[in-house]
Amino acid sequence: MTHDVTLIATIAVSLGLAFAFGFLAQRLRLPPLVGYLVAGVVVGPFLPGYVADGSLAGQLAEIGIMLMMFGVGLHFSIADLLAVRRLAIPGAVGQIVIATAIGAGLTLAWGWELGAGLVLGLSLSVASTVVLLRALESRNALTAPNGRIAVGWLIVEDLAMVLALVLLPALVGVLGGDADTAEHAAPDQGLLVILAITLAKVSAFVVIALVVGPRVLPWLLREVARTGSRELFTLAVLAMALGIAFAAAATFDISFALGAFFAGMVLNKSELSHKAATNSLPLQDAFGVLFFVSVGMLFDPSILVREPVMVAGVLALIMVGKSLVALAIALLLRYPLSTAITVAASLAQIGEFSFILGGLGLGYGLLDTEGFNLILAGALFSITLNPLVFAGADRLIAWVRSDPQLNRRFEERGAAALGRVEAELDAAREQAERRAAAHKTFTPEELAALFPLFASLTPEQREVLVLHFQPYSSEPGERIIRTGDPADALYLISEGEVEVTVDGRRIKTRGPGEFFGEMALLSGDRRSADVTALDYSRFAMLSGRDFHKFLRRYPEIRSHIAALAADRSRQTVGQADTVAGDVPNIS
């Protein structure tokens, strides 16, 4: 083999070992993330054997960071955050400040510079949302109030880290790092000027992203979806995620991670966001694994022998210090002890944002390799031990609740505060369920029950109606109805999404449980709109022949249908945003 295969070897060996060690970690009931980090250690320069190309792995890791942050933006829910804001926002901010101060104080006792201590303390102050979600899922506690409060707490931490990623490059010179590496402003500029310039650049990017982006990117995705090409749609999503991240870094001097996060937030509001998330997930997972492998490559295991006291101090801060801080804050805000314990257990680990922030500090000269190794050691041990922490937390909560005196003192007194959170969580859940209904798959029986023209049918008559339904499916971009076509059927959407247009102008979209084509079928007029599939869709189709045959069989429902049709026609008149004959809907 004469050509260079360094990139292929790096990817193949990294993914192969990550799979092997991740599978082993899963069998040992540990998060696969531990296996990915161990795989990186194995192919790193500090152990004998094959050594992966560090520079290539670093660039692959950067792509992994961008795709992970893009995914965070796609799934970011402001409603869930607002539901738990009374505890999550003050609790997370207070815990980050106190834990960072403890970390900085610890490093000052070791003789470190203040800048290095702040970076280390900040890296250790935040936990991994990925690790927490998997821990809660394994306990069926993800939808419980305490579980959702813990997730909201970590979402606030993630947002705080996004802000830190923005401000750290601007503060490199002030904190004693390598300003030239950061391509930072001249050192004679004051701190306020530096921050003002940085925030102005970020604000300009945010305005462009959130004002221009929602008008351009969803439209572009919709146009690509109409081509019917799955690979072209996936390519468009990746081009937007990586392209916006790169453009943000090149034009506004902000991090790739922040640019990708806002790209995800922009697409979050698109009706195709679920499809974008689904199509990009495999690449997010693959490059995310490469990110963790590249992080493991930087870890020098000898630090466990050289600096055991430092490793123990870091681990104590992660698993004891910040957990106790969170416990105290939750109790001071008068929440139940069970809530405080759940949050404390959730914070007893660090993960992806710690690596990103630590790597940024390492690149800017604020943190040396020793400090970054301490972060990696803390992550490896805390993630490995976190299941044991949760098991202990579960036993402690059960013990408190089993003792009447302790339950009255620590649980019942926080019932009012938790009750308010539960009410807001219920409201947020209902909103999420309404959004999820757009992606639900309906059976023919459910569609028959939802169709308003047949609302007066008896269950037996509906059973007969369902027998007349014919399955129909379409691919993205397929034209289901064309303007001028004869009205030969009505369509009830079982799965997927369609777009209604008139003269090339988009009117609206329809999703599962909705229908189209019924009015032209009733009136006998030709179609007045185009209907195009935006996704892989399935329908229950009722032909015009079967429709009229059904009406002849049950003449008693003719008057009801005629009244509804007349009412529908009156609603349609004068509505410029409604397509007469095809679009009107009765909910």
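Setting aside neighbours within four places in sequence, W153 is in contact with L87, A88, G91, A92, Q95, A326, I329, V343 and L347, where contact means heavy atoms within 4.5 Å. W153 lies in helix α8 (residues 145-175), and helices (H or I, at least four residues) and strands (E, at least two) are DSSP runs that are numbered from the N terminus. With a relative accessible area of 0%, W153 is buried, a word that stands for under 20% relative accessible area, while exposed stands for over 50% and partly exposed for values in between (1.4 Å probe, protein chains only). One of the contact partners, A326, is 173 residues away from W153 in sequence, yet the two are 9.9 Å apart in space, C-alpha to C-alpha.

This is a predicted model, in which local features need pLDDT of at least 70 and side-chain atom pairs count only at pLDDT 80 or more, whereas totals for chains, interfaces and linings use all residues. Residues are numbered from 1 along each chain as its sequence is written, and side-chain values use heavy atoms, with hydrogens and water left out.

## The chain as a whole

The chain has 24 helices and eight strands, and of its 587 residues 51% count as buried. Its accessible surface comes to about 26,300 Å², of which 63% belongs to carbon and sulfur atoms; such areas come from the Shrake-Rupley method with a 1.4 Å probe, and for residues only the protein chains shown count as cover. Among contacts between residues at least 6 apart in sequence, 79% join residues at least 24 apart.

In soluble globular proteins, nonpolar side chains tend to be buried together. The largest nonpolar core here has 91 residues, and those with the most contacts inside it are F291 and F355; a nonpolar core is a set of buried Ala, Val, Leu, Ile, Met, Phe, Trp, Tyr and Cys residues joined through side-chain atoms within 4.5 Å. Leaving aside neighbours within four places in sequence, F355 touches L37, F291, F292, V295, F372, I375, L376 and A379. Apart from this core lies another, of 40 residues, which includes L81, A88, A340 and A428.

## Strands and aromatic rings

Strand β8 (residues 537-543) is mostly covered, since six of its seven residues are buried. Strand β1 (residues 470-474) pairs with β8 in the antiparallel sense over five bridges, and two strands are said to pair if DSSP finds at least two bridges between them. In this pairing S474 stands opposite S537 in β8. Strand β3 (residues 489-495) also runs antiparallel to β8, joined to it by six bridges, and here Y491 stands opposite M541.

A search of the whole structure finds ten aromatic pairs. Rings of Phe, Tyr and Trp (its six-membered ring) pair if their centres lie within 6.5 Å, and planes under 30 degrees apart count as stacked, over 60 as edge-to-face and the rest as tilted. Two of these pairs share Y491, as the table shows.

| Pair | Distance between ring centres | Angle between planes | Type |
|---|---|---|---|
| Y472 and Y491 | 5.9 Å | 65° | edge-to-face |
| Y491 and F516 | 5.1 Å | 10° | stacked |

Because Y472 lies in strand β1 and Y491 in strand β3, the edge-to-face pair ties together parts that are 19 residues apart in sequence. F516 belongs to strand β6 (residues 515-516), so the pair of Y491 and F516 ties together parts that are 25 residues apart in sequence. Y472 is partly exposed, with a relative accessible area of 25%, whereas Y491 is buried at 6% and F516 counts as buried at 1%. Together with F539, the residues Y472, Y491 and F516 form one aromatic cluster.

## Confidence in the model

The chain averages a pLDDT of 80, and 87% of the residues score at least 70; pLDDT is the predictor's confidence in each residue, from 0 to 100. Confidence is highest in helix α14 (residues 308-332), at a mean of 93, and lowest in helix α24 (residues 558-572), at 60. Over residues 184-188 the pLDDT is below 50, and beyond near neighbours in sequence this stretch has six contacts in the model. Residues 572-587 likewise have a pLDDT below 50, and beyond near neighbours in sequence that stretch has 41 contacts in the model. Where pLDDT is low, the predicted coordinates should not be read in detail.
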